[in-house]
Amino acid sequence: MGEPRQIKLLDMSLKLKNLMLNTSVIQSPMAGCTDLPFRLIGRSKGMEFAFLEMISAEALIRETPESEEIMKRTPEDRPLGAQLVGCNADSMAQAAQIIEDLGYDLLDLNLGCPVPKITGKGAGSALLIRPDDARRIFESIMKVIKKIPVTVKMRSGYEDPSGKEAILISRIAEDCGLSAVSLHARTRAQRYMGNADWAVIAKLKEAVGIPVIGNGDIFCAEDAKRMKQMTGCDGVMLGRGALGNPWIYRQIQAVFEDHPAPEKPTFADVKAALMNHLALEIDFIGERKGLLQMRRVACWYFKDMPGAAQFRTKINVCQSVSEMKKLIDDFEPLSTLSV
Ligand SMILES: Cc1cc2nc3c(=O)[nH]c(=O)nc-3n(C[C@H](O)[C@H](O)[C@H](O)COP(=O)(O)O)c2cc1C
């Protein structure tokens with residue numbers, strides 16, 4: 001890694017098989033977060049490409065209510081990728097076929113999930129130490145997918161932080177005809193501890209010919225620029241940094257294109273986006289579930305503002321949409337600073 005490289009930040013496009021993206025900034029899949037309302041708000045502020053939350057291949061095949069809900073989208077919610085998690089090559093291929101038939105723009109395979117419920121079955125990041133199973137899954141999917149790009153998202157390793165496992169699996173993916181790899185530069189064992197080790201992204205970029213999308217700890221536009229410069233990655237993927245901050249996509253775009261930074265959102269802009277998110281969420285999943293979801297979402301928008309902790313306490317017991325709207329309306333970040 002070492003000194004920042006001279007790389008072309010201006011290259012804002014990403015070609016993945018037949019999918020030409022006008023951006024190299026990708027929104028990552030996040031279970032419980034990247035639902036339809038999140039994506040619609042994001043797209044209204046500059047998000048170009050997004051993913052559904054991960055879906056279990058078996059749940060998709062069985063058409064469970066949970067998977068049906070995750071897959072809801074609208075015509076403006078494109079280009080959009082779906083992500084599958086699973087370990088059985090036959091059901092992964094069957095689910096992949098369904099994803100392509102439903103008209104999603106890209107299929108991603110989850111080899112990064114660290115949750116024991118998933119890894120215990122040999123899926124998610126457990127596949128990082130099962131290269132033969134990973135190959136079987138890639139091969140069976142590539143046999144059925146005709147048009148859309150297939151990509152894989154992984155962590156650096158299961159326990160080994162060197163990146164050896166990610167490089168081996170990415171080479172297998174390339175060999176099987178997958179179109180790109182995204183790397184969250186932490187191991188399964190690290191979960192979210194410490195910093196993501198971007199040096200592993202640089203190593204992976206050197207090791208494979210397919211595009212490498214770097215992921216981990218991008219919280220502002222400057223982080224994205226540093227990651228691109230330090231690793232030479234072809235694209236950047238952001239996760240937590242976009243929660244409650246849908247303005248980040250244009251900010252990154254501006255830094256990459258060497259344009260002046262867009263104006264920062266005012267507090268009124270933040271409140272308006274949050275109110276909009278609330279309306280979409282209630283529309284999407286109804287009042288009872290929508291309120292529960294919005295208890296989390298509202299805190300994303302006000303995080304780091306003075307008074308956010310008190311706001312969280314109140315919102316967590318909020319029982320109705322009108323009460324929540326009033327809490328949002330009344331929130332005044334400077335009030336705790338007043339003397
Ligand atoms: C709440 C939550 C849910 C996540 N769900 C998924 C998922 O469904 N699929 C996936 O590949 N990664 C998932 N991730 C990982 C993120 O996509 C991303 O790789 C990780 O947060 C590191 O990026 P960041 O530092 O920009 O957040 C999830 C992360 C969080 C915090």
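User: Buried means under 20% relative accessible area, and exposed means over 50%. With that in hand, is L19 buried or exposed in this predicted model?
Analyst: L19 is found in strand β2, residues 19–21. Beyond neighbours within four places in sequence, it touches L14, F49, P79, D105, L106 and P149. The relative accessible area of L19 is 11%, which is under the 20% cut-off, so L19 is buried.

User: How confident is the predictor overall, and where is the pLDDT below 50?
Analyst: The protein has a mean pLDDT of 94, with 95% of its residues at 70 or more. One stretch drops below 50, and beyond near neighbours in sequence it has four contacts in the model. That stretch is residues 335–339.

User: One contact of L19 is P79. Which residue is joined to P79 by a cis peptide bond?
Analyst: P79 sits in the loop between α3 (65–70) and β5 (80–85). Most peptide bonds are trans. Here omega is about -5 degrees, and the cis bond joins P79 to R78.

User: K17 isn't a glycine, so what is its phi, given that most residues other than glycine have a negative one?
Analyst: K17 is in the loop between β1 (14–16) and β2, and it is partly exposed at 36% relative accessible area. Its phi goes against the usual sign. The value is positive, about 55 degrees.

User: And D217, another non-glycine with a positive phi: is it buried or exposed?
Analyst: D217 has a phi of about 70 degrees and lies in the loop between β9 (212–215) and α9 (221–231). Its relative accessibility is 16%, under the 20% limit, so D217 counts as buried.

User: UniProt lists some "binding site" residues; is A31, one of them, buried or exposed?
Analyst: The annotation comes from an unreviewed UniProt entry and covers P29, M30, A31, Q83, K153, H184, G239 and R240. A31 is in the loop between β3 (25–27) and α1 (36–45). At 53% relative accessibility it clears the 50% mark, so A31 counts as exposed.

User: What about K153 from that UniProt list, and which residues named there does it contact?
Analyst: K153 is in strand β7, residues 150–157, and it is buried at 15% relative accessible area. Leaving aside neighbours within four places in sequence, its contacts include S28, D108, N110, S182, N215 and M237. Its contacts also include two residues named in the UniProt annotation, P29 and Q83.

User: How many disulfides should I look for?
Analyst: C33 is buried at 9%, and its sulfur is 13 Å from the closest cysteine sulfur, in C299, too far for a bond. C299 is also buried at 9%, with the sulfur of C318 nearest to it, at 11 Å. Searching the whole structure gives a disulfide count of zero.

User: Helices α7 and α8 pack together; how far apart are their axes?
Analyst: α7 (164–175) and α8 (198–207) meet at about 35 degrees, in a right-handed crossing. The contact uses A166, I167, S170 and R171 of α7 with K203, L204 and A207 of α8. The distance between the axes is 10 Å.

Key
Residues are numbered from 1 along each chain as its sequence is written. This is a predicted model: local features need pLDDT of at least 70, side-chain atom pairs count only at pLDDT 80 or more; totals for chains, interfaces and linings use all residues. Side-chain values use heavy atoms; hydrogens and water are left out. pLDDT is the predictor's confidence in each residue, from 0 to 100. Contact means heavy atoms within 4.5 Å. UniProt positions are given in the numbering used here, feature names are shortened, and annotations may be inferred rather than shown by experiment. Helices (H or I, at least four residues) and strands (E, at least two) are DSSP runs, numbered from the N terminus. Buried means under 20% relative accessible area, exposed over 50%, partly exposed in between (1.4 Å probe, protein chains only). A disulfide is a pair of cysteine sulfur atoms within 2.5 Å. Axes are lines fitted to C-alpha atoms, for helices over the stretch in contact, and angles run from 0 to 180 degrees between N-to-C directions. A crossing is left-handed if the near helix is turned anticlockwise from the far one by less than a right angle, and right-handed if clockwise.
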